[in-house]
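Thanks, everyone. I'll walk through one chain today, starting with a term and then going from overall shape to single residues. Please have the viewer open.

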Amino acid sequence: DLEMHLERCQQLSVTVLTDHQDLSNTELKTIINSTAPQQYRIRAKLRTYKPQKLHQSVKLHCSKCNSLQEVPDRDNFDFILRGCAGTASNPELHNTSWYESVTWTTQDQKQREITIHFVKHDEMLQQPEDTLLMIEGGTLKEIWKLSKRFKCIIPVRSTEDDLELLDLSAPFLLRGNVKYYGCKQCSTPKPMKNLSSLAAEQQPSWEPTELAQVLGIELLQYVFIMKFTLVDETGALNAYLFDH
């Protein structure tokens, strides 16, 4: 557990933070006054680290505009889904040449209408573990239940002409328990009919990068970021960890 390890490091008087055994130890003051890039081996104390909660270290990064953003919480996704639940599915968009549509009404008090569009391959439905589906009107709980059985899920809503993605504050794709997001600044979302080109492939893999490309989405990557403050007798140095 990294969090416990970091706390333990803080309690130790001196911690070896790198393993370049061929290098001699360098004082922090020397490093601060040097020009980058250089390679050093240090012995220092870990004064602080941020964020304090490990889950807060995970961010979303856009490699195109180099922006960083917080991972939206599930309440945000649920709010967007509920906002779209009142929009009725357009029956003229059901059962096209490349997907098959099923609509039913829930048994709860609100009697919501849910429509699922199952993408076909060679005019046939695929096995659930290979199937991409698009859902209109589903709740977060219903979508998670579907994600355990079907390979990929794209939450959508109806327009007059086509199905479209939701607000990019929501994930544009769910694959298993992983949510994939698009950059609001760099993405130019396209209608769902663009997926028909992938459905026509010999063996559609429904890879997130391919789906993002045909849908005009600049895919955000999950990154791990931490800041450490290191100290020795000569000074203090901030060290940053950034990795996919």
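First, the term. Buried means under 20% relative accessible area. By that cut-off threonine 131 is buried, because its relative accessible area is 3%. Keep in mind that this is a predicted model.

Let me stay with threonine 131. It sits in the loop between strand S7, residues 124-125, and strand S8. So what does threonine 131 touch, leaving out residues up to four places away in sequence? The list is Phe118, Gln126, Phe150, Lys151, Cys152 and Trp206. There is a polar partner too. A polar atom of the threonine 131 side chain lies 2.7 Å from the backbone oxygen of glutamine 127.

Now the overall picture. The protein has 244 residues, and 42% of them count as buried. DSSP gives six helices and 14 strands. How does the radius of gyration compare with that of a compact globule of 244 residues? The globule would be near 18 Å; the protein has 24 Å. The C-alpha trace spans about 75 × 40 × 30 Å along its principal axes. Next, contact order. Take the contacts with a separation of 6 or more: residues 24 or more positions apart account for 54% of them.

One annotation. UniProt, in an unreviewed entry, places the domain feature "Protection of telomeres protein 1 C-terminal insertion" at residues 75-218. Over that stretch the chain is 21% helix and 27% strand. The end C-alpha atoms of the stretch are 23 Å apart.

On to the cores. In soluble globular proteins, nonpolar side chains tend to be buried together. Here the largest nonpolar core has 26 residues. Which of them touch the most other members? They are Met134, Ile154, Phe172, Met192, Leu195 and Leu215. Several elements each supply at least two residues of this core: strand S8 (132-136), strand S9 (152-158), strand S10 (163-165), helix H5 (196-199) and helix H6 (208-214). Apart from this core lies another, of 18 residues. Phe118, Ile143, Leu146 and Ile153 are among them.

Zoom in on leucine 215. Set aside its neighbours within four places in sequence. Leucine 215 is then in contact with Ile154, Leu165, Phe172, Thr188, Pro189, Lys190, Pro191, Met192 and Leu195.

Next, the cysteines. How many disulfides does the structure hold? Zero. Why is cysteine 65 in no disulfide? Its closest cysteine sulfur, in cysteine 62, is 3.7 Å away, and that is too far because a disulfide needs the sulfurs within 2.5 Å. Cysteine 186 is in no disulfide either; its nearest cysteine sulfur, that of cysteine 65, is 3.7 Å away. Are these two buried or partly exposed? Cysteine 65 counts as partly exposed, at 25% relative accessibility. Cysteine 186 is buried, at 18%.

Now serine 101. It lies in strand S5, residues 99-105. Serine 101 counts as buried, at 12% relative accessibility. Its contacts, leaving aside neighbours within four places in sequence, are Leu93, His94, Asn95, Ile116 and His117. With histidine 117 there is a side-chain polar contact of 2.7 Å. For a long-range distance, take methionine 226. Serine 101 and methionine 226 are 125 residues apart in sequence and 45 Å apart in space, C-alpha to C-alpha.

Two more residues, then I'm done.

Aspartate 73 is in the loop between strand S4 (68-70) and helix H3 (74-85). Its relative accessible area is 47%, so it is partly exposed. Between aspartate 73 and glutamate 201 there are 35 Å in space, C-alpha to C-alpha, and 128 residues in sequence.

Glycine 235 lies in strand S14, residues 235-243. Glycine 235 counts as partly exposed, at 23% relative accessibility. What does glycine 235 touch, not counting residues up to four places away in sequence? Leu28 and Leu230. Against tryptophan 144, the C-alpha to C-alpha distance from glycine 235 is 50 Å, with 91 residues apart in sequence.

To recap: six helices and 14 strands, a radius of gyration of 24 Å, a largest nonpolar core of 26 residues, and zero disulfides. Over to you.

Conventions. Residues are numbered from 1 along each chain as its sequence is written. This is a predicted model: local features need pLDDT of at least 70, side-chain atom pairs count only at pLDDT 80 or more; totals for chains, interfaces and linings use all residues. Side-chain values use heavy atoms; hydrogens and water are left out. Buried means under 20% relative accessible area, exposed over 50%, partly exposed in between (1.4 Å probe, protein chains only). Helices (H or I, at least four residues) and strands (E, at least two) are DSSP runs, numbered from the N terminus. UniProt positions are given in the numbering used here, feature names are shortened, and annotations may be inferred rather than shown by experiment. A nonpolar core is a set of buried Ala, Val, Leu, Ile, Met, Phe, Trp, Tyr and Cys residues joined through side-chain atoms within 4.5 Å. Contact means heavy atoms within 4.5 Å. A polar contact is a pair of N or O atoms within 3.5 Å; within protein, one must be able to donate a hydrogen and the other to accept it, and residues adjacent in sequence count only if both atoms are side-chain atoms. The radius of gyration is taken over C-alpha atoms; the globule rule is 2.2 Å times the number of residues to the power 0.38.
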